Amino acid sequence: MTDSAHHGPVTATAPRARAPGFWHNLAFWGLLPSWLLMGVALLLPILIIAAVSVATRGAYGGFEWGFDLSGYRQILFNEGWTGELEFTPQYLVIILRTLALAGVTTLICLAVAVPVAYHIACQPPRLKAALVYLITLPFWVSMILRVYAWMIILGRDGPLPRFLEFFGAHAGLSFMYNDGATLAAMVYTYMPLMVLPVFASIEKLDGTLIEAAHDLYGNRWVTLRRVILPLTAPGLISGAILVFVPSLGAVLEPSLMGGGKQMMMGSLIQLQFSGGRNWPFGAAIAMTLLVFVMIVLLLIARRATAKESTA
Amino acid sequence: MSKRHDVKRYPGLNALNLAFFAYLYAPLAVVVAYSFNDNKIAGVWTHFSLKWYGSALNNPALMKALETSLIVAAVATVVATTIALMAALAIIRGRNVRYRRLSETIVNLPLLLPEIVLAVATLILFSLIGLQNGMVKLVIAHSAFCTPFAFLPIRARLQGMSLDFEEAATDLYASRWVTFRRVTLPLIFPGLFSGAMLAFLISMDDFITSNMLSSGGTTTLPVYIFSLIRAGTSPELNAIASLLILASLVLATTALLVAARGNRDRL
């Protein structure tokens with residue numbers, strides 16, 4: 001086969017014998033089902049939730065159409081009986097906790113993934129493939145079970161408290177139901193999402209550049225800082241997005257590890273919609289979360305287009 | 001060059017990597033180890049026993065949840081893979097496709113948006129149009145978020161594929177349908193298979209959406225497990241978890257092996 005078939009527009013080599021309308025029709029009919037599915041199950045719901053976020057809360061749960069910003073106002077203020085607004089930080093705390101936990105999760109994953117991925121990239125091919133497989137594998141175990149495993153480890157009578165009791169900690173110790181527990185589960189569940197893209201970019205690194213840096217009297221740390229990290233930055237950034245974005249929407253980790261009190265935005269949204277609580281408020285939180293994610297994605301897209309135009 | 005002086009080596013990385021892989025697998029091992037505990041209190045070890053596996057397998061609620069999950073995942077996988085295959089063919093093979101990039105973004109959109117937002121948005125939509133059937137709700141939502149997972153491997157396979165074989169088939173007077181069925185389909189099968197496998201696993205694994213949409217009769221497996229966890233850890237739960245961990249590891253290994261084979265004889 002010719003190598004050119006790999007590159008360039010595939011369409012240019014399409015068989016001439018076929019009716020000219022066929023490929024146009026194919027494009028239309030081929031894309032129609034996905035547009036329909038995504039329209040019904042994604043775009044329409046997003047439009048509706050945007051409308052619900054400015055609707056009025058129904059008397060018996062649910063909502064009534066209208067234009068009312070009380071859902072958004074409630075994020076920061078508590079409305080008294082006479083309509084006066086009082087600043088209440090409880091939901092702001094949840095938003096800040098969400099951003100902080102997602103950020104710290106991303107940083108920890110990054111700090112672990114870089115040396116691990118670097119080491120794997122230095123191995124011979126067969127071992128390298130095996131190690132990548134071993135990293136991918138736990139990722140296929142159900143998310144809820146991976147969080148549950150940490151409930152056992154950190155919980156009362158779990159391996160970690162038992163281990164510390166052995167060294168003299170008092171009995172009945174538990175590390176559950178706080179931000180640290182949520183963080184532990186988040187780092188564990190999102191780690192493979194960081195290691196794989198970081199590995200992919202470190203693997204592509206040209207080894208002779210490292211040797212060149214060494215020849216020019218750069219020691220290992222200078223080489224790491226001035227050669228390896230800058231060259232692998234795209235991989236580090238895509239890993240950071242892959243971890244940060246889903247971390248913002250984490251639901252299972254805070255609701256299982258954080259107990260009822262230490263909520264994140266995801267678990268707060270879930271709470272507002274289960275048991276017919278406050279739908280417009282839940283929708284307003286959901287829109288806020290969506291905006292955070294959109295900001296991150298737009299920043300990335302701008303960076304990518306800026307790179308393309310300079311290249 | 002001796003290993004000591006290899007400039008690419010950094011001190012302590014071997015130990016760090018060993019620790020990392022231990023960290024990756026220890027939590028799963030702990031669950032499995034605890035499932036063999038005879039004691040009713042999961043954290044207090046008495047002696048080895050398989051009795052919780054017996055009681056897990058004889059739990060009718062668990063079996064019902066498993067059945068629901070399998071049905072939803074099977075239907076969603078077929079729908080998502082079909083839609084993804086059509087979209088991939090159109091995007092890669094179609095000529096003068098208008099909105100090519102937009103279409104690709106639309107197909108991948110579920111990967112970009114937080115699942116909880118999509119879940120509650122879909123919940124509102126279904127309650128507005130008065131859709132009551134739990135299975136139908138789950139299948140629609142699952143098909144949507146499984147589609148990009150089926151799409152990406154198929155797209156990758158199609159993109160790397162030469163048109164020579166299809167052209168040869170057409171030259172030999174094969175009809176368009178015969179060419180597709182006898183040439184194109186076998187060639188993209190590895191991508192199709194790993195896409196379908198991914199879609200199936202993602203659907204089986206889903207908690208957030210299923211928890212929002214499921215009603216009385218349509219509890220999926222992760223939703224059922226969540227209710228068990230909320231009721232308190234138990235050795236039976238550990239046995240259920242261990243069985244599921246084993247099942248996912250076997251499925252994932254199969255999928256990865258097929259994908260690796262497909263890449264080896266890549267055209």
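**Reading a cavity and an interface**

Q: In this predicted model, the residues that line the largest cavity divide into seven nonpolar, two polar and one charged; where is empty space left, and how many cavities of 30 Å³ or more does the structure hold?

A: The general idea is that a probe the size of a water molecule, rolled over the atoms, shows where empty space remains. In this structure there is one cavity of 30 Å³ or more, and the space in the largest cavity comes to about 80 Å³.

Q: Which helices supply at least two residues each to the lining of the largest cavity?

A: They are α1 (20-52) of chain A, and α5 (115-128) and α6 (134-159) of chain B. The largest share, four residues, is that of α5(B). Among the lining residues are Ala41(A) and Leu42(A) on one chain, and Glu115(B), Leu118(B), Phe145(B) and Thr209(B) on the other.

Q: How should I read the interface of chain B and chain A, and what area is buried there?

A: One can take the contacts and then the area: 95 residues of chain B are in contact with 99 residues of chain A, and about 8,900 Å² is buried between the two chains, with carbon and sulfur atoms giving 77% of that area.

Q: How many salt bridges and polar contacts are counted between chain B and chain A?

A: The count of salt bridges is zero, whereas 10 residue pairs are found in polar contact across the interface, both residues being at pLDDT 80 or more. On the side of chain B that touches chain A, helix α1 (residues 13-35) of chain B gives the most, with 14 residues, and the residues of that side divide into 62 nonpolar, 22 polar and 11 charged.

Terms used: Residues are numbered from 1 along each chain as its sequence is written. Chains are lettered from A and ligands numbered from 1 in the order in which they are written. This is a predicted model: local features need pLDDT of at least 70, side-chain atom pairs count only at pLDDT 80 or more; totals for chains, interfaces and linings use all residues. Side-chain values use heavy atoms; hydrogens and water are left out. On a 1 Å grid over the protein atoms alone, a cavity is a set of points where a 1.4 Å probe fits but cannot get out, and a pocket is an open set with protein on both sides within 12 Å along at least five of seven lines; lining residues have an atom within 4 Å of a point. Grid points are joined across faces, edges and corners, and a volume is the space filled by probe spheres set on the points. Contact means heavy atoms within 4.5 Å. Buried area is the accessible area (1.4 Å probe) that two parts lose on being put together, summed over both. A salt bridge is a side-chain nitrogen of Lys or Arg within 4 Å of a carboxyl oxygen of Asp or Glu. A polar contact is a pair of N or O atoms within 3.5 Å; within protein, one must be able to donate a hydrogen and the other to accept it, and residues adjacent in sequence count only if both atoms are side-chain atoms. Ala, Val, Leu, Ile, Met, Phe, Trp, Tyr, Cys and Pro count as nonpolar, Asp, Glu, Lys and Arg as charged, and the others, Gly among them, as polar.
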